[in-house]
Amino acid sequence: CLLFLFDMPRSYKNRRNPVPSRFHGMVQRVTPSRKKLKGAIGPLDGLRRNLKRCLPHFRALLIMGSFSRGTAISPLHDVDILCIVDPPPPTKTPRQMIVELRAALNACYPSAYVKQKGAGVELKLPSISASYDVVPAFPVSGAANLYKFAKCN
């Protein structure tokens, strides 16, 4: 994201709503409040604990997407998360990995909305307005901090 700062011509400085103040107002309207951001990130510790309990090959959670870049806009719809798991055996398909993750989330959160969505699972907790898009991924052997995600066609 680039932000260009410039000196406004004198004719604009005396106007009632100069461009910079309109731009600043627009940015404030689309930026989620700190309360909403903390509300979306708060349940992640519980999600981590629950997945560790319900998903035997769970390793870690990584936040990604606009939320991790600090570019999320309001209203905050979802938080994208990589669910790092042990590398699957060659016989396990990506679809099986996603179904297994969905089953684990259903077991951990019986009252939540859990649905397979593309390459991951959408988890909507009743306590927050945003949902979590959880995508299973596993480390690439021989590469530090590089993950491959289960992709279904």
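**Reading a predicted protein chain, feature by feature**

Q: Where does F23 fall: buried, partly exposed or exposed?

A: You compare the relative accessibility with two cut-offs: under 20% is buried, over 50% is exposed, and anything in between is partly exposed. F23 has 42% relative accessibility, so it counts as partly exposed. Keep in mind that we're looking at a predicted model here.

Q: Which helix holds F23, and which residues share a nonpolar surface patch with it?

A: Look for F23 in helix α2, which covers residues 19–30. Its partners in the patch are M26 and V27, and the three together have about 230 Å² of accessible area.

Q: Since the model is predicted, what is the average pLDDT of the protein chain?

A: pLDDT is the predictor's confidence in each residue, on a scale from 0 to 100. Here the protein chain averages 79, and 84% of the residues score at least 70.

Q: Where does pLDDT stay under 50?

A: That's residues 1–8. For this stretch the model has 5 contacts beyond four places in sequence.

Q: Now the overall layout. How many helices and strands does the protein chain have?

A: Count 6 helices and 6 strands. To see how they follow one another, read along the sequence: the pattern is α-α-α-α-β-α-β-α-β-β-β-β.

Q: What share of the residues counts as buried, and what makes up the accessible surface?

A: Of the 153 residues in the protein chain, 33% count as buried. The accessible surface comes to about 10300 Å², and carbon and sulfur atoms account for 57% of that.

Q: How do contacts tell me about parts that are far apart in sequence? What percentage of them join residues at least 24 apart?

A: You take contacts between residues at least 6 apart in sequence and ask what share spans at least 24 places; in this protein chain the share is 52%.

Q: Could we try one residue? Where is V79 found, and is it buried or exposed?

A: V79 is in strand β2, residues 78–85. Its relative accessible area is 1%, so it counts as buried.

Q: Which residues is V79 in contact with?

A: Set aside the neighbours within four places in sequence, and you get A40, I63, F67, S131, Y132 and D133. You can also check a distance: V79 and I41 are 38 residues apart along the chain, and their C-alpha atoms are separated by 8.5 Å.

Q: How many disulfides are there, and which cysteines does one join?

A: You look for cysteine sulfur atoms within 2.5 Å of each other. The count here is 1. The disulfide joins C54 to C108, with an S to S distance of 2.4 Å. C54 lies in helix α4 (residues 44–54) and C108 in helix α6 (residues 94–108), so the pair ties together parts that are 54 residues apart in sequence. C108 has 10% relative accessibility and therefore counts as buried.

Q: What about C83? How far away is the nearest cysteine sulfur?

A: It's 10.0 Å away and belongs to C108; C83 is in no disulfide. With a relative accessible area of 0%, C83 is buried.

Q: On to charges. How many salt bridges does the count give?

A: The count is 4. One of them joins the side chains of D86 and R59, at 2.7 Å from N to O. D86 sits in the loop between β2 and α6, while R59 is in strand β1 (residues 58–64), so the pair ties together parts 27 residues apart in sequence. D86 is partly exposed at 31% relative accessibility, and R59 is partly exposed at 44%.

Q: Which residue does E100 meet in a salt bridge?

A: E100 meets K92, with 2.8 Å between N and O. E100 is partly exposed, with a relative accessible area of 26%, and K92 is partly exposed too, at 23%.

Q: What is the N to O distance between D133 and K117?

A: Their side chains meet in a salt bridge at 3.4 Å. This pair links distant parts of the chain, 16 residues apart: D133 is in strand β5 (residues 131–139) and K117 in strand β3 (residues 113–117). D133 is buried, with a relative accessible area of 11%, whereas K117 is partly exposed at 41%. You've met D133 before, among the contacts of V79.

Technical notes
Residues numbered from 1 in each chain as written. Predicted model: local features only at pLDDT ≥ 70, side-chain atom pairs only at ≥ 80, totals over all residues. Heavy atoms only, no water. Contact = heavy atoms within 4.5 Å. Patch = residues over 30% accessible without salt bridge, like charges linked within 9 Å, V, L, I, M, F, W, Y side chains within 5 Å. Areas by Shrake-Rupley, 256 points an atom, 1.4 Å probe, with all protein chains shown as cover. Helix = DSSP H or I, 4+ residues; strand = E, 2+ residues; numbered from the N terminus. Buried < 20%, exposed > 50% of the residue type's maximum accessible area, 1.4 Å probe, protein only.
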